[in-house]
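Student: I'm new to this one, so please pick a single topic and go slowly. I'd like a close look at cavities, and at whatever helps me place them.

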Amino acid sequence: MSTSETPSASARPPRKPRVAVVFGGRSSEHGISVLTAGAVLRAIDREKYDVLPIGITADGRWALTADAPDRMAITDRELPNVAELARSDTGGVVMSVDPASREVVYSEPGSVPTVLGEVDVVFPVLHGPYGEDGTLQGLLELSGVPYVGSGVLASAVGMDKEYMKRVFASYGLPVGPFTVIRPREWDRDQAGARKKVVDFAGEHGWPVFVKPARAGSSMGISKVDDLTGLDDAIEEARRHDPKVIVESLLRGREIECGVLEFGDGPQASVPAEIPPVTSHDFYDFEAKYIDSAAGVVPAPLTEEQTAEVRRLAVLAFEAASCEGLVRADFFLLDNGRFVLNEINTMPGFTPISMYPRMWQETGVGYPELVDRLLQAALHRSTGLR
């Protein structure tokens, strides 16, 4: 071929955007994250994107993993984990924190590091601390790599139930009564911390729910009917987080609503309802993920109730400065008032999870939902915005 016949660089087909799906992590929701990653990997359009799966082991090592969605599933009631998918027991993945270089490097002891190429966007499907709480988002900001979902502040607010409620209350959004046991309180004066909860229950009534302040998937939560079960519940919550939040029982229906950021701003999905789970005391981890208790989509609400919960969900999204996606969880009290329980900035994201189901019913199918989130991230800069 002559020089004149050589194709120019501009004539070559453009490189497909490269997506790093990062999953697993150090939190107690490690297995849920692997489930989510399997669903996302299966849904990403491989004609449109190149994909690099990166798993973070339970002890925090970044590992190159198999692109094997079928292995990222519950087997015999056991959740999957990154260690079973990692390419090597010793190799690790390193992402550059130089914003001029988005290269990912794989290295093993005694071997020359292998450059895996640049990453254009990260889809972080981690749940809980060390991934959903702003820590990973901070790393990606330093690296200058766009990513799906909320930034550092919104992720941190969305993870910490105490400060989440304080932010919402400052914006006039309705939240339920709560009190907090901080690590130093429990370490220094258990009797004083116990009395704080007893006084709280005296004002708002038993039972109360004792929760890790910065965890999700209903892990570490106990329903406490009186003082006798309190210490065990606090210790169970502290297994997941040294900071504990105590909430009063809100009697009503559990309603959820998804928020997705479109070009003209956040929009809310049709809401869903989590009906009472008769085989469980409340909607706990086993009910959600092992026994697959299903929600009702759309929720059987009046037009006025549907409009109100969608309005509140968008307001919560904006109050916490969220980006990309959020699932907002509410209680519809017996008096007809909605109370905002919490938001989740990276909700469960398997096709049977409530967030995708709500958007499916709203008209956005699962593959399209994944694509919308990736495209939004690719068109959003890192840094102050």
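Tutor: Here is a walk through the cavities, followed by the helices beside them in the sequence. This is a predicted model, where local features need pLDDT of at least 70 and side-chain atom pairs count only at pLDDT 80 or more, while totals for chains, interfaces and linings use all residues. Residues are numbered from 1 along each chain as its sequence is written, and side-chain values use heavy atoms, with hydrogens and water left out.

The chain's mean pLDDT (the predictor's confidence in each residue, from 0 to 100) is 91, and 92% of the residues reach 70 or more. Residues 1-10 sit below 50, and that stretch has three contacts (heavy atoms within 4.5 Å) beyond near neighbours in sequence.

Now the cavities. On a 1 Å grid over the protein atoms alone, a cavity is a set of points where a 1.4 Å probe fits but cannot get out, and lining residues have an atom within 4 Å of a point. Points are joined across faces, edges and corners, and the volume is the space filled by probe spheres set on them. Searching the whole structure turns up two cavities of 30 Å³ or more.

The largest has a volume of about 60 Å³. Its lining includes Pro124, Leu126, Glu132, Gly149, Ser155 and Met346. By type, that lining splits into four nonpolar, six polar and one charged. Here Ala, Val, Leu, Ile, Met, Phe, Trp, Tyr, Cys and Pro count as nonpolar, Asp, Glu, Lys and Arg as charged, and the others, Gly among them, as polar.

The second largest comes to about 40 Å³. Gly149 turns up again in this lining, along with Pro146, Tyr147, Ala377, Arg380, Ser381, Thr382 and Arg385. That makes three nonpolar, three polar and two charged.

To place Ser155, look at helix α3, residues 152-159, which packs on helix α4, residues 161-170, at about 110 degrees with axes 5 Å apart. Helices are DSSP runs (H or I, at least four residues), numbered from the N terminus. Axes are lines fitted to C-alpha atoms over the stretch in contact, with angles from 0 to 180 degrees between N-to-C directions. So α3 is roughly perpendicular to α4, a label covering 65 to 115 degrees. Val157, Gly158 and Met159 of α3 touch Lys161, Tyr163, Met164 and Val167 of α4.

Note on methods. 1 Å grid on protein atoms, 1.4 Å probe; cavity = no way out; pocket = protein on both sides within 12 Å on 5 of 7 lines; lining within 4 Å. Helix = DSSP H or I, 4+ residues; strand = E, 2+ residues; numbered from the N terminus. Parallel < 35°, antiparallel > 145°, perpendicular 65-115°, else oblique.
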